[in-house]
Amino acid sequence: MKYAIMQPYFFPYLGYYSLIKNTDRFILFDDVQFIRHGWIERNRILKPGEGWQYIAAPLEKVTLGTKINQVKIKSTEDWRDKLLRQLEHYRKRSPFYSQTLEVVKESIALDTDSIVELNKNILIKTCEYIEIPLTIDVFSSMQLEIEPATHAGEWALNITKALDGSEYINPTGGVDIFKKEQFDTAGISIKFMGNNLTPYSQRRGVFESGLSIIDVMMFNAPEQIRTLIDDTYLL
């Protein structure tokens, strides 16, 4: 069994979906400290003119050390309508605007104050649309007994060991925190996968790379998205 273990991101970029497509089981790691203004509650789309802008789900204030699974969405703000309004400018140039808007609406319609559950639903709905398989678990709900980690890279090793996994795949950005010899000793293969983020037509002069899956869906049919997801490299 191949595993990937990632924090729950909000409408993530293509590389996140490359991990999903290349693993048998995808685990949302929500039992660690939340860091505000990362990718948990926000991501990037095109601005109406040039450049990019953030879309976000507003969160209640938390104290330092609060875990991701304890973070709540701020219910007093009408953030869903704001997000949909931010997408309206795509209507003029995006061939898949209507289909994408429907996916986004289904993704954010979940009645929850949990950012973890919201982001899980986002992954479920977007993967259904793109037509890539997704077997997903939330770590804090698994009641999994694992060995305590002595460093950041050991979390993934210990979770994979507890699940009797044979292979673990991580984004290329995390190479330095892992000790390959520990995986070798445990009989677990570790790979680092990146996505080439090949440009696609955004119907404007300058291509903005690494945007949310929303932008990718606006300009590409599901089969084209799968091709972009498969455009990967290994370290």
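The lining of the largest pocket comprises eleven nonpolar, five polar and no charged residues. The structure described here is a predicted model. Besides this pocket, the briefing covers the second largest pocket, with a volume of about 220 Å³, and a cavity of about 50 Å³. It then turns to the largest nonpolar core, which has 73 residues, to helix α1, and to the surroundings of N158 and I146.

**The largest pocket**

- The space in the largest pocket amounts to about 370 Å³.
- Its lining consists of 16 residues, and those nearest the centre are I5, Q7, F29, N170 and I177.
- Strand β1 (2–6), helix α5 (154–162) and strand β6 (167–171) each contribute at least two residues to this lining.

**The second largest pocket**

- About 220 Å³ of space lies in the second largest pocket.
- It is lined by 15 residues, with M6, Y9, Y13, Y16 and W39 closest to its centre.
- At least two lining residues come from each of α1 (14–21), β3 (42–46) and β7 (189–195).
- By class, nine of the lining residues are nonpolar, five are polar and one is charged.

**The cavity**

- The structure contains one cavity of 30 Å³ or more.
- The largest cavity has a volume of about 50 Å³.
- The residues that line the largest cavity are Y13, L14, L197, T198, Y200, F207, G210, L211 and V216.
- Seven residues of this lining are nonpolar, two are polar and none is charged.

**The nonpolar core**

- In soluble globular proteins, nonpolar side chains tend to be buried together.
- The largest nonpolar core of this model has 73 residues, and F11, Y17 and F26 have the most contacts inside it.
- Helix α4 (residues 115–130) provides the largest share of this core, namely eight residues.
- Beyond its neighbours up to four places away in sequence, F11 touches N43, I55, L83, V104, S107, I108, I122, T126, S212, I213 and I214.

**Helix α1**

- Helix α1 is largely enclosed by the rest of the structure, because seven of its eight residues are buried.
- The buried residues of α1 are L14, G15, Y16, Y17, S18, L19 and I20.
- Two of these buried residues appear in other groups above: Y16 is among the residues closest to the centre of the second largest pocket, and L14 is one of those lining the largest cavity.

**N158 and its surroundings**

- N158 is located in helix α5, one of the elements that supply the lining of the largest pocket.
- N158 counts as buried because its relative accessibility is 3%, and buried means under 20%.
- A polar atom of the N158 side chain lies 3.0 Å from the backbone oxygen of E147.
- The side chain of N158 also reaches the backbone oxygen of P148, at 3.5 Å.
- Apart from neighbours within four places in sequence, N158 is in contact with I146, E147, P148 and A149.

**I146 and its surroundings**

- I146 belongs to the loop between β5 (136–138) and α5.
- With a relative accessible area of 24%, I146 is partly exposed, whereas N158 is buried.
- Setting aside neighbours within four places in sequence, I146 is in contact with F139, W155, N158, I159 and A162.
- The C-alpha atoms of I146 and K2 are separated by 18 Å, and these residues are 144 residues apart along the chain.

Notes
Residues are numbered from 1 along each chain as its sequence is written. This is a predicted model: local features need pLDDT of at least 70, side-chain atom pairs count only at pLDDT 80 or more; totals for chains, interfaces and linings use all residues. Side-chain values use heavy atoms; hydrogens and water are left out. On a 1 Å grid over the protein atoms alone, a cavity is a set of points where a 1.4 Å probe fits but cannot get out, and a pocket is an open set with protein on both sides within 12 Å along at least five of seven lines; lining residues have an atom within 4 Å of a point. Grid points are joined across faces, edges and corners, and a volume is the space filled by probe spheres set on the points. Helices (H or I, at least four residues) and strands (E, at least two) are DSSP runs, numbered from the N terminus. Ala, Val, Leu, Ile, Met, Phe, Trp, Tyr, Cys and Pro count as nonpolar, Asp, Glu, Lys and Arg as charged, and the others, Gly among them, as polar. A nonpolar core is a set of buried Ala, Val, Leu, Ile, Met, Phe, Trp, Tyr and Cys residues joined through side-chain atoms within 4.5 Å. Buried means under 20% relative accessible area, exposed over 50%, partly exposed in between (1.4 Å probe, protein chains only). Contact means heavy atoms within 4.5 Å. A polar contact is a pair of N or O atoms within 3.5 Å; within protein, one must be able to donate a hydrogen and the other to accept it, and residues adjacent in sequence count only if both atoms are side-chain atoms.
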